[in-house]
Amino acid sequence: MVISMKITWLGHAAVLIEGSKTILIDPFLTNNPTASLSVDKLPKIDIVLVTHDHFDHLGDTKAILERDKSAFFGVHELSLHQDIAGKSDEIVGGNIGGTYHFEDVSASLTPAIHSAEVGAPSGYIIKLDGHTLYHSGDTALFSDMKLLPQLYGDIDIAFLPIGGHYTMDVPAAVQAVNYIRPKQVVPIHYNTWPPIAADADAFKSHVHGSKALILQPGESCEV
Ligand code: NI
Ligand code: MN
């Protein structure tokens, strides 16, 4: 059954999904100059997903897991991180290509071309309430992104970095959209700090065949 759900960009790579479950990806709020809210203003989080252990993604994971006893799913070595291991009863490590099922949610770990202190960086395909979402994590462009809709079905909404320097820049992210063909795409991981300044309007103007949604931190969309 398809149920509409609310998705909020909290700034940088942090995305809050509020459907039949509440899912938070890359919860970097404290010390994030663009964060739209603080941890104490978050709803209760059922599942925390973290793409890799860089500080701007791991962020407030520990505080949220301890407060809400949220489930966690991520790359094995990351699940053993001191901020994650033992912080709730449902800490599950997998690896790229693997899928975790939590009641009516599935989360699959996808490749990312990036670095990490431990394990490997990842992205996620999330299925919830009849929708398929893709959060690429920090990544360079790679042509195997083409396989995502083949493996996981049509993607309703994708969250892609456009800030360059550490990840895809605008032209690379436009090509990623051509590979993934999501119904909607939201640019993230830009304008948090000067090295990742990017022109979201330029991204929007170059995206064709998908609806580019330029959100402000704290702004929501519905799928
Ligand atoms: Ni990173
Ligand atoms: Mn990052």
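**Exercise 1. Determine what spacing the donors of the nickel ion (ligand 1) follow along the chain, and describe the site.**

Step 1. The donors of the nickel ion (ligand 1) follow the spacing H-x1-H-x59-H-x23-D along the chain, where donors are N, O and S atoms within 2.8 Å of the metal (3.2 Å for Na, K and Ca), and water is not among the atoms, so sites may look incomplete. This is a predicted model, in which local features need pLDDT of at least 70 and side-chain atom pairs count only at pLDDT 80 or more, while totals for chains, interfaces and linings use all residues. Residues are numbered from 1 along each chain as its sequence is written, ligands are numbered from 1 in the order in which they are written, and side-chain values use heavy atoms, with hydrogens and water left out.

Step 2. The atoms that coordinate the nickel ion (ligand 1) are His52 (NE2), His54 (ND1), His114 (NE2) and Asp138 (OD), at 2.2 to 2.3 Å.

Step 3. The angles among these 4 donor atoms run from 89 to 176 degrees, and the site is irregular; four donors would count as tetrahedral if all angles lay between 85 and 135 degrees, whereas four count as square planar and six as octahedral if opposite donors are over 155 degrees apart and all others between 65 and 115, anything else being irregular.

**Exercise 2. Identify which residue bridges the nickel ion (ligand 1) and the manganese ion (ligand 2), and place it in the chain.**

Step 1. The protein donors of the manganese ion (ligand 2) are Asp56 (OD), His57 (NE2), Asp138 (OD) and His189 (NE2), which lie 2.1 to 2.3 Å from the metal.

Step 2. Asp138 coordinates both metals, and the two ions are 3.3 Å apart.

Step 3. Asp56 lies in helix α1 (residues 55–58) and Asp138 in the loop between β10 (131–135) and α4 (147–152), so the pair ties together parts that are 82 residues apart in sequence; helices (H or I, at least four residues) and strands (E, at least two) are DSSP runs, numbered from the N terminus.

Step 4. Asp138 counts as buried because its relative accessibility is 3%, buried meaning under 20% relative accessible area, exposed over 50% and partly exposed in between (1.4 Å probe, protein chains only).

**Exercise 3. Establish whether Phe159 counts as buried or exposed, and list what this residue touches.**

Step 1. Phe159 has its place in strand β11 (residues 157–161), and at 1% relative accessibility Phe159 counts as buried.

Step 2. Not counting residues up to four places away in sequence, Phe159 touches Ile7, Val15, Leu133, Tyr134, His135, Ser136, Val186 and Ile188, contact meaning heavy atoms within 4.5 Å.
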